Amino acid sequence: MATRTNVTAPADAAARRAVRPVICYEVDHLPRYDAALYDAARANLTLIDTVIVPPREARTFRVPAGHFWRIASIEGPQVGDLNLWNAHDLTERFFSGKTRALHATHVTTGDRLWSTLPHLRPLATITHDTLGWYGFDADGGGVHDVIGTRCDPYTNRLLKGTDYHHCCHSNLTRALAAECGLPLDAAESHVHDVLNVFMCTGFTRDTHQYFMKASPVRPGDFIEFFAEIDLIGALSACPGGDCGAQHSADVAQCHPLSIEIFRPAEDALAGWHSPPQNAYSRSHGT
Ligand SMILES: [Zn+2]
């Protein structure tokens, strides 16, 4: 086991380490995933829009509340970096960290994509995942992580001393600027930590460092979401391709991704409502 200090462990170190872990949040109290509702709604879908994301670029899409969308692999293994915003308020956006804390390091069918404080409500629910079979592999890797942040030109500059303009961060920034008619710097301030769609990642067992390995995704695979509120999404086809070797460069083989938007049958969501804003008073004790 790696240690980072030269201090001596106390005599009761083993006992201190052996206390039982407790799941941090009482997740049994989360709103239940109503599989019957979503399964009935997704049984009869009408395709209403398709967006193709070119390699090393991002594209935006809009999904009305109560609709579904799928992100699919179409020509070869490819990772996608996803951002989500409330279509009427860009300050309410996907909260990768709390999604991780409430669900797990990697998400799949039944998990929600939560929004930032003070909203903290489901932006979307994952309703199907053809990679749901993957689970966790012998390296501790899984797919669709909410632990990575996105490749970005600042970290690239820090590590390599060069400028690369097609990192997911820049791709998402350009796409959001075009979608909303924002200056680049304003759009950049809304770009946030992503859901790493199809990416296979984990932490090394010895040093607990973030690792990636070639994605198991193949053409025909898709992950499907239900929009709980009106959404703007942006998806970048990462310059890392399947992220089996490197990113932040034009070296990896990259492929497009497709985004398909679906409308369910008219009466399929009877009784369903968009989740309300979080009910906390925001008084903070004052
Ligand atoms: Zn990337």
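Which residue in β7 does Leu113 stand opposite? In this predicted model, Leu113 faces Ala124 of β7. Let's start from the whole chain and work our way back to that pair.

## The chain as a whole

The chain folds into six helices and 13 strands. A compact globule of 286 residues would have a radius of gyration near 19 Å, and the chain has 20 Å, so the two agree. If you lay the C-alpha trace along its principal axes, it spans about 65 × 45 × 45 Å.

Buried residues account for 39% of the 286 residues. Taking contacts between residues at least 6 apart in sequence, 73% link residues at least 24 apart.

## The annotated region

UniProt, in an unreviewed entry, lists residues 52-232 as "domain: DUF1989". Over that stretch the chain is 18% helix and 34% strand. The C-alpha atoms at its two ends are 15 Å apart.

## A six-stranded open sheet

One open sheet runs in the order β1-β13-β3-β11-β7-β6, with antiparallel pairing. Its edges are β1 (45-53) and β6 (112-114), each of which pairs on one side only. On average, neighbouring strands of this sheet are turned by 25° against each other, direction ignored.

Here we meet the opening pair again: β6 and β7 (residues 122-129) run antiparallel and are joined by three bridges, with Leu113 opposite Ala124 in β7. Helix α2 (residues 35-42) lies across β1, β3 (68-73), β7, β11 (222-227) and β13 (257-264). The helix runs at about 70° to β7.

## Strand β9 and its partners

Now for a strand with several neighbours. How many of the nine residues of β9 are buried? Eight of them are, so this strand (residues 195-203) is largely enclosed by the rest of the structure.

Strand β4 (residues 80-86) pairs with β9 in the antiparallel sense over three bridges, and Gly80 has Val197 of β9 as its bridge partner. Strand β8 (residues 142-145) also runs antiparallel to β9, again with three bridges; here Gly142 stands opposite Thr201. With β10 (residues 210-213), β9 shares four bridges, and these strands run antiparallel too. Thr201 appears once more in this pairing, standing opposite Met212 of β10.

## The β9-β10 hairpin

β9 and β10 form a hairpin, with six residues between the two strands. If you are looking at backbone torsions, His208 in the turn is one to find: its phi is positive, at about 60°.

Definitions and conventions. Residues are numbered from 1 along each chain as its sequence is written. This is a predicted model: local features need pLDDT of at least 70, side-chain atom pairs count only at pLDDT 80 or more; totals for chains, interfaces and linings use all residues. A residue is buried if 20 or more other C-beta atoms lie within 10 Å of its own, exposed if 12 or fewer, and partly exposed in between; C-beta atoms are placed from the backbone. Two strands pair if DSSP finds at least two bridges between them. UniProt positions are given in the numbering used here, feature names are shortened, and annotations may be inferred rather than shown by experiment. The radius of gyration is taken over C-alpha atoms; the globule rule is 2.2 Å times the number of residues to the power 0.38. Two residues are in contact if their C-beta atoms, placed from the backbone, lie within 7 Å. Axes are lines fitted to C-alpha atoms, for helices over the stretch in contact, and angles run from 0 to 180 degrees between N-to-C directions.
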